[in-house]
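Visitor: I am new to this structure. Please take one part and look at it closely.

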Amino acid sequence: MIIVTAASGQLGRLVIAELLKRVPSEQIVAAVRDPGKAADLADQGVLVRHADYNDPASLDQAFEGASKVLLISSNDLGNRVPQHRNVIDAAARAGVSLLAYTSVLHADTSALGLAAEHRATEDAVRAAGVPYSLLRNGWYVENYTGALGGAIAHGALAGSAGEGRIAAAARADYAQAAAVVLTSAAPVEKIYELAGDVGFTLAELAAEVSRQTGKDIPYHNLPPQDYLGMLLQVGLPAPLAELVADADAQAAKGALSDDSKVLSKLIGRPTISLADAVKAAL
């Protein structure tokens, strides 16, 4: 049985959809904090089980009969490591044949502020004594295209990534990669550095938005502290605003760049193009 944690989230739902193309629904467990939010998954024949990262007993029950577990990282910034350890320990108690974890691109060397929790989790995965695979996901293109409405409304795209290239891919690309690893008959790699095929700068993103909308949407590169202030001003919670601002600042130094094409090789197709990502968002 394949267990997907946080299965009712944006990435988790896409992973479930990809798994349904590959294995019978009764072999898939959607482990979720609120089963009521996964009724549509149950309607597709997926087993829905309660699982709370903060409740080890619920994880043991959810992982009953598990052969493989995908740990999708928590979004509870600052509290993720103990939560992840609970999931890792439960997977080890279940004796799984594979524990996969959605980490961050180049987690071992990344200067991203969010990388520290991923590194600590990776260490816990390695120490668990079970076969594992680290899915080091690069940036989601939706992190940028999801905010295009505001950019168009204000007539400019703001950030602080400078000329840094961002090898982003779609959530659907990363979800397919996870499903491939979870259902692979061949041995899986211990580490996958996953990123989009072709990186882009935020100026190039703005230019593509301008092309598709027929409006002049320039890119305004701000000092990191000014960008952080802007994010706070528009209502982002402080931890999230700090994460976003830090990501741009580190992207300017190459932290979100990667040209290995490991992701497209794994899924057997090109990752989403910048043009298609903007078209989908618009």
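Guide: What follows is a look at the place where two domains meet.

This is a predicted model, in which local features need pLDDT of at least 70, side-chain atom pairs count only at pLDDT 80 or more, and totals for chains, interfaces and linings use all residues. Residues are numbered from 1 along each chain as its sequence is written, and side-chain values use heavy atoms, with hydrogens and water left out.

The domain assignment divides the protein chain into domain 1 (2–137) and domain 2 (141–166 + 197–258 + 270–280); such bounds come from an automatic or database domain assignment. The C-alpha centres of domain 1 and domain 2 are 28 Å apart. Domain 1 brings 7 residues to the contact and domain 2 brings 10 residues, where contact means heavy atoms within 4.5 Å.

Between domain 1 and domain 2 about 670 Å² is buried. This buried area is the accessible area (1.4 Å probe) that two parts lose on being put together, summed over both. Carbon and sulfur atoms give 71% of that area. On the side of domain 1, Leu77, Leu105 and Leu112 supply 58% of the area buried against domain 2, more than any other three residues. The rule finds 0 salt bridges across the interface of domain 1 and domain 2; a salt bridge is a side-chain nitrogen of Lys or Arg within 4 Å of a carboxyl oxygen of Asp or Glu.
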